[in-house]
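Please open the structure in your viewer and keep the selection tool at hand, since this tour goes from one selection to the next. At each stop, make the selection first and then read what is there.

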Amino acid sequence: KAMLFEEERNMSGRLFRLMLVHQRADEALRRAEKRRIPDWIEIKRLKKAKLRVKDLIARLTLSPRRIG
C-alpha cells in the first residue's frame, strides 16, 4: 500500500505540473492572439503545445490504475 500511495503522490505531482504548463501555454496563446499583428506561426506552435499537454493530462487521468 505504501508503494501505491507513493505512486499516486508522484502522479498527482506530475498532473499538477502538467496543468501548470497547460495554463501557461493558454495564457501565452491569449497574449499572442491579442497582439496588434499576431504571429500566426507562434500561435499555431502554442496551440500544438497546449494540445500535447492536454493529451498527456487525459492519458494520465484516464489510464487504469495498476493493481499489484
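Begin by selecting Glu42 and Arg45, whose side chains form a salt bridge with the closest N and O atoms 2.7 Å apart; the term salt bridge is used here for a side-chain nitrogen of Lys or Arg within 4 Å of a carboxyl oxygen of Asp or Glu. Both Glu42 and Arg45 lie in helix 2, three residues apart, which is about one turn of the helix. Helices here are DSSP runs of H or I with at least four residues, strands are runs of E with at least two, and both are numbered from the N terminus. Glu42 is partly exposed, with a relative accessible area of 25%, and Arg45 is also partly exposed, with a value of 46%. For these words the cut-offs are under 20% relative accessible area for buried, over 50% for exposed, and partly exposed in between, with a 1.4 Å probe and protein chains only.

Before you go on, note that this is a predicted model, in which local features need pLDDT of at least 70 and side-chain atom pairs count only at pLDDT 80 or more, while totals for chains, interfaces and linings use all residues. Residues are numbered from 1 along each chain as its sequence is written, and side-chain values use heavy atoms, with hydrogens and water left out.

Next, select Asp26, which is in helix 1, residues 2–34. Is Asp26 buried or exposed? Asp26 is buried, because its relative accessible area is 17%. Add Arg30 to the selection, and you will find a salt bridge between Asp26 and Arg30 whose closest N and O atoms are 2.6 Å apart. Asp26 and Arg30 both lie in helix 1, four residues apart, or about one turn of the helix. Arg30, at 46% relative accessibility, counts as partly exposed.

Now keep Asp26 and select Lys50, which has its place in helix 2, residues 40–62. The side chains of Lys50 and Asp26 meet in a salt bridge of 2.6 Å, N to O. Lys50 lies in helix 2 and Asp26 in helix 1, so this pair ties together parts that are 24 residues apart in sequence. Show the three residues together, and you have Asp26, Arg30 and Lys50 linked in a network of salt bridges. As a general point, side chains of opposite charge can pair when their charged atoms come close.

Which residues does Lys50 contact, leaving aside its neighbours within four places in sequence? With contact meaning heavy atoms within 4.5 Å, Lys50 touches His22, Ala25, Asp26 and Leu29. Select His22 from this list and check the C-alpha atoms, since His22 and Lys50 are 28 residues apart in sequence and 5.6 Å apart in space.

For another pair, select Val21, which lies in helix 1, together with Lys54. Val21 and Lys54 are 33 residues apart in sequence and 9.5 Å apart in space, C-alpha to C-alpha. Val21 counts as partly exposed, at 42% relative accessibility.

Finally, select the whole chain, whose secondary structure comes to two helices and zero strands. Of its 68 residues, 19% count as buried, and the salt bridges come to three. Among contacts between residues at least 6 apart in sequence, 69% join residues at least 24 apart.
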